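Got your viewer open? Let's take a short walk through this one, stop by stop.

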Amino acid sequence: MIGAIGSKAIDDVIIFEVSDKRILTFDGFKRSNKITFAKNNVLMGKPVSEYVGQELDTITFKVSFRAQLGTEPRAEADKLIYLHRSGAVVTLILWGKAFGTYRWVITNLDMDWTLINKFGYCQSIDCGITLEEYAGRWD
């Protein structure tokens, strides 16, 4: 197992893995960290910067669900939609460890249904996922 994303409370977990039966990996993983400074105005002088603190981190990545690689694209996409719409707090596990300081919420999903077969079944979905750090309570 490469990793997973999901909520134990909801039991909708997407597992990233490479095996002889299934291939599901992610691509374009990008993490963004920011800090905040306040500017204090000084009479007849330049403003003085003051460190305020950290902002919430964000992560973006892409996942491609492909039927020919052993996944059920519609079922996996439905899990992400449910986690997103419910505002569920999710854990991102990569390489056996929880990733980040806190947990995450899915703030944006972009889904491109790239292949529908002649029977109307979805064979391939490309998803763009944006996560934002969730520093609140999650119990």
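A salt bridge here is a side-chain nitrogen of Lys or Arg within 4 Å of a carboxyl oxygen of Asp or Glu. Keep in mind that you are looking at a predicted model. With that in hand, select Glu-76 and Arg-22: they form a salt bridge, and their closest N and O atoms are 3.6 Å apart. Glu-76 sits in helix H1 while Arg-22 is in the loop between S2 and strand S3 (23-24), so this pair ties together parts that are 54 residues apart in sequence. Switch on a surface and check both partners: buried or exposed? Glu-76 is buried, and Arg-22 is too. For Glu-76, the relative accessibility is 8%.

Stay on Glu-76 and add Lys-79. Their side chains also meet in a salt bridge, at 3.7 Å from N to O. The two are 3 residues apart in helix H1, about one helical turn. Lys-79 counts as partly exposed, at 22% relative accessibility. Now bring in Glu-17 as well: Glu-17, Arg-22, Glu-76 and Lys-79 are linked in a network of salt bridges.

Still in helix H1, pick Asp-78 and Arg-74. This is another salt bridge, with 3.6 Å between the closest N and O atoms. The partners lie 4 residues apart, about one turn of the helix. Asp-78 is partly exposed at 37% relative accessible area, and Arg-74 is partly exposed at 47%. Over the whole structure, a search finds 6 salt bridges.

Next, the core. Select Phe-61, Ile-129 and Leu-131: of the 24 residues in the largest nonpolar core, these touch the most other members. Colour by element and you can trace who contributes: S2 (12-18), S7 (58-66), helix H1 (73-86), S8 (89-94), S10 (103-116) and S11 (122-134) each supply at least two residues of this core. Which one gives the most? That is S11, with 5 residues.

Zoom in on Ile-129 and show its contacts, skipping neighbours within four places in sequence. You should find Ile-59, Thr-60, Phe-61, Val-63, Leu-80, Ile-106, Asn-108 and Leu-109.

Last stop: Lys-62, in strand S7. Lys-62 is exposed, with a relative accessible area of 54%, because the cut-off for exposed is over 50%. Leaving out residues up to four places away in sequence, Lys-62 touches Thr-25, Phe-26, Asp-27, Cys-127 and Gly-128. To finish, draw a C-alpha to C-alpha distance from Lys-62 to Thr-130: the two are 68 residues apart in sequence and 9.0 Å apart in space.

Key:
Residues are numbered from 1 along each chain as its sequence is written. This is a predicted model: local features need pLDDT of at least 70, side-chain atom pairs count only at pLDDT 80 or more; totals for chains, interfaces and linings use all residues. Side-chain values use heavy atoms; hydrogens and water are left out. A nonpolar core is a set of buried Ala, Val, Leu, Ile, Met, Phe, Trp, Tyr and Cys residues joined through side-chain atoms within 4.5 Å. Buried means under 20% relative accessible area, exposed over 50%, partly exposed in between (1.4 Å probe, protein chains only). Contact means heavy atoms within 4.5 Å.
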